[in-house]
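Thanks, everyone. Please look at the screen while I walk through one model.

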Amino acid sequence: MPEIVRAGLVQQAWTGDKDSMTAAAVAHIATAASAGAQVVCLQELFYGPYFCQVQDADYYSYTEAIPDGPTTALMQDVARQHGVVLVIPMYEAEQAGVYYNTAAVIDADGTYLGKYRKNHIPQVKGFWEKFYFRPGNLGYPIFDTAVGRIGVYICYDRHFPEGWRALGLAGARIVFNPSATSRGLSSYLWRLEQPAAAVANEYYIGAINRVGVEPLGDNDFYGGSYFVDPRGQLVGAAAADDADEVIVRDLDMDKLTEVRDLWQFYRDRRPDSYDSLVIP
């Protein structure tokens, strides 16, 4: 019998406050779990607005410690209740004034497994992230979960192939890319980059985006969350572009071996010739 991982993605519109946003996310996780999902990922900075459309120190108030903050504790309870692995993107405070764009990973029994801190931080109109976040300093960790080895990349990271490859070399079977990305050139890249990365690195990718226009700016977040397989093909349809949605898809892990045996990209790598790639 094939090994199937049933995986879910949650996209949300901003509800107006942290408490209701969190409550909606918890309800969406329950919906995914009731559909059989074994692993669920939320969107980037899930419990807040995408405040990086402006530069305002008031939004530092959205930070929490990870794993010692209230949202991690809540989501550990949710994971334990439903028996589901969770990827929970939040605004992390390591200490006063030291903040990261982070995703906590929680196993199906509620165990906190660790976190990924976004490595590549943009500073362009509507995405003033260097005002809010330090670049990640934890590398590209892999998490051994109840559904196997998973990795996390966050939003702007997806434009950089090196992290995708690092996760594949470390054995990721599924990589989740929670995002806040808006219409324009980005929507074209949204349909292109993750399928290309899935092919190049021979694993599944779950791409998650929020929806709606938020009060802080004119960025129109277009949803369109989807899973893509290692052949670059969508697994089922993408989510809507204008509404909250939970998508749950069956990911056939046997396809990873099938594709790797066919293409052999990892065998044919030439790391001995890549020295120039890491020269600053």
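Let's begin with the largest nonpolar core, which has 43 residues. Keep in mind that this is a predicted model. Which residues touch the most other members of that core? They are Ile-150, Val-152, Ile-174, Phe-176, Tyr-203, Phe-227 and Leu-251. Strand β11, residues 204-209, gives the most to this core, with 4 residues.

Take Phe-176 from that list. Setting aside residues up to four places away in sequence, Phe-176 touches Leu-9, Val-39, Cys-41 and Val-87, among others. Its contacts also include Ile-150, Gly-151, Val-152 and Tyr-153. Gly-206, Ile-208 and Phe-227 are on the list too. Apart from this core lies another one, of 37 residues. Among its members are Tyr-50, Ala-93, Ile-106 and Ile-121.

Now the sheet. In what order do the 5 strands of the open sheet run? The order is β8-β9-β10-β11-β14, and the pairing is mixed. The edges are β8, at 142-145, and β14, at 226-228, each pairing on one side only. From one strand to the next, the twist averages 25°.

Look at the β8 edge. β8 and β9 run antiparallel, joined by 4 bridges. β9 covers residues 148-152. A hairpin connects β8 to β9 through 2 residues. Thr-145 stands opposite Gly-148 in β9. Helix α3, residues 161-169, lies across β8, β9, β10 and β11. Its angle to β10 is about 150°.

On to charges. Side chains of opposite charge can pair when their charged atoms come close. How many salt bridges does the structure hold? There are 18. I'll show a few.

Start with Lys-118 and Glu-129. Their side chains meet in a salt bridge at 2.8 Å, N to O. The pair links distant parts of the chain, 11 residues apart. Lys-118 sits in the loop between β5 and β6, and Glu-129 in the loop between β7 and β8. Are these two residues buried or exposed? Lys-118 is buried, and so is Glu-129.

Next, Arg-158 and Glu-193. Here the closest N and O atoms of the salt bridge are 3.3 Å apart. Why does this pair tie together separate parts of the chain? Arg-158 lies in the loop between β9 and α3, while Glu-193 is in helix α4, so the link joins parts 35 residues apart in sequence. Both Arg-158 and Glu-193 are buried.

Then Arg-267 and Asp-268. This salt bridge has its closest N and O atoms 2.8 Å apart. Arg-267 counts as exposed because its relative accessibility is 57%. Asp-268, at 45%, counts as partly exposed. There is also a salt-bridge network that links Glu-92, Glu-94, Lys-115 and Arg-117.

Aromatics next. A search of the whole structure finds 26 aromatic pairs. One of them is Tyr-60 with Tyr-99, a tilted pair. The centres are 5.2 Å apart, with 50° between the planes. Tyr-60 is in the loop between β2 and α2, and Tyr-99 is in strand β4, 39 residues apart. Tyr-60 counts as partly exposed because its relative accessibility is 24%. Tyr-99 is buried, with a relative accessible area of 14%. The cut-off for buried is under 20%, so these two residues fall on opposite sides of it.

Both tyrosines belong to a cluster linked by ring pairs. Other members include Phe-46, Tyr-47, Phe-51, Tyr-59 and Tyr-62. Tyr-91, Phe-131, Tyr-132 and Phe-133 are in the cluster as well.

Two single residues to finish. Gln-55 is in the loop between β2 and α2. At 41% relative accessibility, Gln-55 counts as partly exposed. What does Gln-55 touch, not counting residues up to four places away in sequence? Gln-123, Trp-128, Phe-131 and Tyr-132. The C-alpha atoms of Gln-55 and Asp-144 are separated by 37 Å, with their positions 89 residues apart along the chain.

Thr-72 is in helix α2. Thr-72 is buried, with a relative accessible area of 0%. Leaving aside neighbours within four places in sequence, Thr-72 is in contact with Glu-64, Ala-65, Ile-66 and Pro-67, among others. Met-90, Ile-106 and Tyr-112 are also contacts of Thr-72. Ile-106 is also a member of the core of 37 residues.

Notes: Residues are numbered from 1 along each chain as its sequence is written. This is a predicted model: local features need pLDDT of at least 70, side-chain atom pairs count only at pLDDT 80 or more; totals for chains, interfaces and linings use all residues. Side-chain values use heavy atoms; hydrogens and water are left out. A nonpolar core is a set of buried Ala, Val, Leu, Ile, Met, Phe, Trp, Tyr and Cys residues joined through side-chain atoms within 4.5 Å. Buried means under 20% relative accessible area, exposed over 50%, partly exposed in between (1.4 Å probe, protein chains only). Contact means heavy atoms within 4.5 Å. Two strands pair if DSSP finds at least two bridges between them. Axes are lines fitted to C-alpha atoms, for helices over the stretch in contact, and angles run from 0 to 180 degrees between N-to-C directions. A salt bridge is a side-chain nitrogen of Lys or Arg within 4 Å of a carboxyl oxygen of Asp or Glu. Rings of Phe, Tyr and Trp (its six-membered ring) pair if their centres lie within 6.5 Å; planes under 30 degrees apart count as stacked, over 60 as edge-to-face and the rest as tilted.
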